[in-house]
Amino acid sequence: MAAQITFLPDAKRIEVRPGTTVLDAAGKARVTLRVRCGGKAACMMCKVVARDGQGLSPISQKERLKLGSLADQGYRLACQTKIVGQAEVEVPEDPLKAAIRRQLELQRKEEEL
């Protein structure tokens, strides 16, 4: 039985083998997840938000320690989380892109005045 994951907000969906990490599935689906540590849970850059928690492996103690209170908000490390069924995760906006978007929005508002 294949596992399936949907990456939001782009709604990219891919079928993978059960046990595939979210990070590996993202690469196969051409969804960009930032990572610097090679998937060893060291950089914490590959955070995603589990939409319902279903279809994903239970959070490990190592992952919970790394994420701290973010784990209670549904965050998971894509390099440590395995897909075991049908899952849906949200990929947070890249911080640099978010800063640029906010700056452009501010400029537009100033130009309108």
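**Exercise 1. Decide whether glutamine 4 is buried or exposed, and find what surrounds it.**

Step 1. Glutamine 4 has a relative accessible area of 19%. Buried means under 20% relative accessible area, exposed means over 50%, and partly exposed is in between (1.4 Å probe, protein chains only). Glutamine 4 therefore counts as buried.

Step 2. A word on the source: this is a predicted model, in which local features need pLDDT of at least 70 and side-chain atom pairs count only at pLDDT 80 or more, while totals for chains, interfaces and linings use all residues. Residues are numbered from 1 along each chain as its sequence is written, and side-chain values use heavy atoms, with hydrogens and water left out.

Step 3. Now place the residue: glutamine 4 is found in strand S1. Strands (E, at least two residues) and helices (H or I, at least four) are DSSP runs, numbered from the N terminus.

Step 4. Look for contacts, meaning heavy atoms within 4.5 Å. Leaving aside residues up to four places away in sequence, glutamine 4 touches Arg13, Ile14, Glu15, Ile83, Gly85, Gln86 and Ala87. Gln86 is also the bridge partner of glutamine 4 in S5.

**Exercise 2. Work out the order of the strands in the sheet.**

Step 1. Start with the inventory: the chain has three helices and five strands. From the N terminus on, they run β-β-α-β-α-β-β-α.

Step 2. Next, find the pairs; two strands pair if DSSP finds at least two bridges between them. S1 and S5 are parallel, with five bridges, while S1 and S2 are antiparallel, also with five bridges. In the S1 and S2 pair, alanine 3 stands opposite valine 16. Strand S3 (residues 47-50) runs antiparallel to S5, joined by two bridges, and here valine 49 has glutamate 90 as its partner.

Step 3. Put the pairs together: the order is S2-S1-S5-S3-S4, an open sheet with mixed pairing. Strands S2 (12-16) and S4 (75-77) are at the edges with a single partner strand each, so one side of each has no neighbour in the sheet.

**Exercise 3. Which residues of strand S5 belong to its covered face, and which to its uncovered one?**

Step 1. Recall the general pattern: in a regular strand, side chains alternate between the two faces of the sheet.

Step 2. Read along S5 (residues 86-90): Ala87 and Val89 make up the covered face. Gln86, Glu88 and Glu90 make up the uncovered one.

**Exercise 4. Describe the surroundings of serine 57.**

Step 1. Serine 57 lies in the loop between S3 and helix H2 (61-67). Its relative accessibility is 14%, so serine 57 counts as buried.

Step 2. Not counting residues up to four places away in sequence, serine 57 touches Arg76, Gln80, Thr81, Lys82 and Val84.

Step 3. For a distance, take proline 95: this residue is 38 residues from serine 57 along the chain, and their C-alpha atoms are separated by 27 Å.

**Exercise 5. How do burial and contacts look over the whole chain?**

Step 1. Of the 113 residues, 37% count as buried.

Step 2. Among contacts between residues at least 6 apart in sequence, 60% join residues at least 24 apart.

Step 3. Finally, the C-alpha atoms fill a box of roughly 55 × 30 × 25 Å, taken along the principal axes.
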